[in-house]
Amino acid sequence: MKPLLIAPGLLSCQVTPAWSETQFQITCPGRPTMTISRANYGLSTLTWPQHYFQIAAGQQRTRLQDGDKVAITRFRNGDQLIVNQGSEETFFVYRDSDRLLPCSRSETRDVDQLSLEPYDDRDHPSS
């Protein structure tokens with residue numbers, strides 16, 4: 001009887017993908033279009049051309065004085081993404097600045113799970 005109680009729990013864990021991600025793009029004054037990716041386990045990434053990449057863990061959720069809910073993502077380089085949860089208005093604050101910049105935003109879309117392969121430099125001999 002006990003194995004039957006455990007098996008349904010295990011099966012339900014396999015139905016839901018544990019590492020799915022969402023992604024959207026923002027365009028803000030002063031920087032090329034940036035891509036924000038969010039994983040279900042709390043990691044956010046920020047990328048923009050040419051080869052810039054930043055990470056953030058979690059979000060701070062708060063309310064503005066008028067009661068609007070906002071989510072703030074603080075990236076490791078000091079950049080901050082601020083999203084009004086009700087209207088989806090999106091703002092950005094660059095590191096070393098306190099200026100809140102309005103940004104345009106694409107629709108959020110689901111993206112495929114990314115699996116990174118281990119890098120073995122024996123497969124890539126130097127020239």
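**Entry 1: charge over ring**

A charge sits over a ring if NZ of Lys or CZ of Arg is within 6 Å of the ring centre and within 35 degrees of the ring normal. With that in hand I looked at R105, and its charged end does sit over the ring of F24, 3.8 Å from the centre. I note for myself that this is a predicted model.

I found another case at R31, whose charged end lies over the ring of W48, 3.9 Å from the ring centre. Both arginines come back below, so I kept them on my list.

**Entry 2: the overall layout**

I then stepped back to the whole chain. I read off one helix and 10 strands. Along the sequence the helix leads and the strands follow, in the pattern α-β-β-β-β-β-β-β-β-β-β.

How many of the 127 residues count as buried? I get 28%. The accessible surface comes to about 9700 Å², and carbon and sulfur atoms own 53% of that. I also looked up the contacts with a separation of 6 or more: 27% of them join residues 24 or more positions apart.

**Entry 3: the nonpolar core**

Next I went to the largest nonpolar core, which has 15 residues. Which of its members touch the most others? I wrote down I26, C28, M34, I36, L46, L81 and F92. Several strands feed this core: β1 (21–27), β2 (34–39), β3 (43–48), β7 (80–84) and β9 (101–105) each give at least two residues.

I picked F92 for a closer look. Setting aside residues up to four places away in sequence, F92 touches I26, C28, R31, M34, L46, D79, Q80, L81, R99, L100, L101 and C103. I was pleased to see R31 and D79 among these contacts, as that pair is the topic of my next entry.

**Entry 4: salt bridges**

Side chains of opposite charge can pair when their charged atoms come close. I searched the whole structure and found two salt bridges.

The side chains of D79 and R31 make one of them, at 2.7 Å from N to O. D79 is in the loop between β6 (69–74) and β7, while R31 is in the loop between β1 and β2, so this pair ties together parts that are 48 residues apart in sequence. Are these two residues buried or exposed? I find D79 buried, and R31 too. R31 is thus one I have now met over the ring of W48, in contact with F92 and in a salt bridge with D79.

E88 and R105 form a salt bridge as well, with the closest N and O atoms 3.9 Å apart. The cut-off here is 4 Å, and I kept that in mind when writing the pair down. E88 belongs to the loop between β7 and β8 (90–93) and R105 to strand β9, so the pair ties together parts that are 17 residues apart in sequence. Both partners count as partly exposed: E88 has 46% relative accessibility, and R105 has 24%.

**Entry 5: aromatic pairs**

A pair of aromatic rings is described by the distance of the centres and the angle of the planes. I count two such pairs in the structure. I wrote out the one between W48 and Y52, which is stacked, with 4.9 Å centre to centre and 5° between the planes. W48 is buried at 10% relative accessible area, whereas Y52 is partly exposed at 47%. W48 is also the residue whose ring has the charged end of R31 over it.

**Entry 6: backbone oddities**

Most residues other than glycine have a negative phi, and most peptide bonds are trans. I went looking for departures from that.

The peptide bond from P49 to Q50 is cis, and I note omega near -15°. Q50 sits in the loop between β3 and β4 (52–57).

E88, the partner of R105, has a positive phi of about 65° without being a glycine. D96 has a positive phi too, near 60°, and is likewise a residue other than glycine. I place D96 in the loop between β8 and β9, where it counts as exposed at 82% relative accessibility.

**Entry 7: a last look at R76**

My final stop was R76, in the loop between β6 and β7. R76 is exposed, with 70% relative accessibility. What does R76 touch, leaving aside neighbours within four places in sequence? I find contacts with Q54 and I55. I also noted the C-alpha separation between R76 and F53: 9.9 Å, for residues 23 apart along the chain.

Conventions:
Residues numbered from 1 in each chain as written. Predicted model: local features only at pLDDT ≥ 70, side-chain atom pairs only at ≥ 80, totals over all residues. Heavy atoms only, no water. Helix = DSSP H or I, 4+ residues; strand = E, 2+ residues; numbered from the N terminus. Buried < 20%, exposed > 50% of the residue type's maximum accessible area, 1.4 Å probe, protein only. Contact = heavy atoms within 4.5 Å. Areas by Shrake-Rupley, 256 points an atom, 1.4 Å probe, with all protein chains shown as cover. Core = buried A, V, L, I, M, F, W, Y, C linked by side-chain atoms within 4.5 Å. Phe/Tyr/Trp six-rings, centres within 6.5 Å; stacked < 30°, edge-to-face > 60°.
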